[in-house]
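Hi,

Here is the structure I promised to pass on. My notes on a pocket and some aromatic rings follow below it.

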Amino acid sequence: MTILVTGGAGYIGSHTVLSLLELNKDVVVLDNLSNSSEESLRRVKQLTGKEVIFYEGDIQDDTCLKHIFDCHKISSVIHFAGLKAVGESTHNPLEYYKNNVSGTLTLLDEMRRANVHQLIFSSSATVYGANSPVPYVETTPIGSTTSPYGTSKMFIEHILQDFAKAEPQFSTIALRYFNPVGAHESGLIGEDPNGIPNNLLPYIAQVAIGKLEKLGVFGGDYPTRDGTGVRDYIHVMDLAEGHCIAMDKLRILRGFRAYNLGSGVGYSVLEMIQAFEKASGVTIPYQILPRRDGDLPAFWADAGLAKMELGWEVSRGINTMMRDTWNWQNKNPKGYHHHHDR
């Protein structure tokens with residue numbers, strides 16, 4: 001039985017594909033390469049010695065999906081494919097709703113047609129929105145989202161819940177990620193954003209190797225311990241392992257379930273800078289800028305449900321996150337691309 005991983009060449013996708021292959025699963029990847037590189041899958045192959053079947057295509061393309069479901073015995077789908085920049089989503093909402101919401105609808109349609117009933121959905125802590133008390137817990141109603149990105153994830157979760165009620169044989173898990181960071185310890189695969197990174201740690205890492213001049217810190221006057229935003233960071237390999245464990249749960253689950261995947265600890269931007277400086281021995285120049293639209297002051301996960309029901313918890317702390325990020329960035333100063341590609 002084969003697992004279809006949409007967005008499997010991306011950051012979290014590629015690390016999850018690696019974990020699945022190490023568990024001897026058969027994997028088919030669908031990715032449109034809009035924010036990823038096929039090189040990540042070549043490296044995964046190098047690390048595991050195993051073959052990944054790759055389709056370059058889009059989840060909005062029903063013909064492409066139909067072809068994959070016809071040609072492979074797909075037992076379950078892990079759905080990562082989507083646009084993910086909070087800031088960009090406020091400027092380009094239609095793009096986000098099309099890709100994320102319509103894309104998921106097309107995928108669900110084709111899954112139903114092909115009698116594939118198991119789905120893991122890549123959701124986000126942003127579904128909790130502006131009014132949820134911290135730490136975020138799964139019983140809190142989702143909503144009051146602060147960006148089209150967050151709203152697209154929330155819509156999809158509602159769609160999945162309705163779908164699960166209407167189609168009793170379906171089992172769906174939405175994994176609400178907090179802030180994924182780090183890289184595989186080999187330094188062969190990691191996060192390779194197009195253009196200027198949107199996320200804190202890749203930005204810090206690119207400043208550290210001299211690719212960017214300094215870090216802009218959005219907001220220095222939040223009601224937090226040092227005035228900068230506090231987030232829950234989770235090592236991407238812990239996240240990847242969480243998907244593998246959730247896969248096993250899918251077999252015995254019916255209906256819809258959501259789990260937080262986070263560490264349960266919040267770090268501020270300045271604490272992250274200090275931890276990175278410690279790991280790399282490089283000083284990171286930064287400048288405090290105005291707050292960014294859609295950002296909240298502080299949030300972190302209550303990760304108790306995933307521990308109780310899935311037996312999953314993080315095992316890699318902040319020093320490992322920093323070490324692995326620096327290792328990846330050092331070995332791949334231009335990400336997956338050689339100079340002439342960029």
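**Second largest pocket**

The second largest pocket holds about 260 Å³ of space. This is a predicted model, so local features need pLDDT of at least 70 and side-chain atom pairs pLDDT 80 or more, while totals for chains, interfaces and linings use all residues. Numbering runs from 1 along each chain as its sequence is written, and side-chain values use heavy atoms, with hydrogens and water left out.

A pocket here is an open set of points on a 1 Å grid over the protein atoms alone, where a 1.4 Å probe fits, with protein on both sides within 12 Å along at least five of seven lines; lining residues have an atom within 4 Å of a point. The volume is the space filled by probe spheres set on the points.

There are 16 lining residues, and Glu138, Thr139, Thr140, Arg176 and Ala258 lie nearest the centre. The lining takes at least two residues from each of α6 (148-166), β11 (255-261) and α10 (304-310).

**Aromatic rings**

Counting Phe, Tyr and Trp rings (six-membered ring for Trp) with centres within 6.5 Å, I get 8 aromatic pairs. One is Tyr136 with Phe178, tilted (neither under 30 degrees, stacked, nor over 60, edge-to-face), at 6.2 Å centre to centre and 45 degrees between the planes. Tyr136 sits in the loop between β5 (118-124) and α6, and Phe178 in the loop between β6 (171-177) and β7 (179-181), so the pair ties together parts 42 residues apart in sequence. Tyr136 is buried (under 20% relative accessible area, 1.4 Å probe, protein chains only) at 2%; Phe178 is buried too, at 5%. Both belong to one aromatic cluster with Tyr128 and Phe299.

Cheers

Technical notes:
Helix = DSSP H or I, 4+ residues; strand = E, 2+ residues; numbered from the N terminus. Buried < 20%, exposed > 50% of the residue type's maximum accessible area, 1.4 Å probe, protein only.
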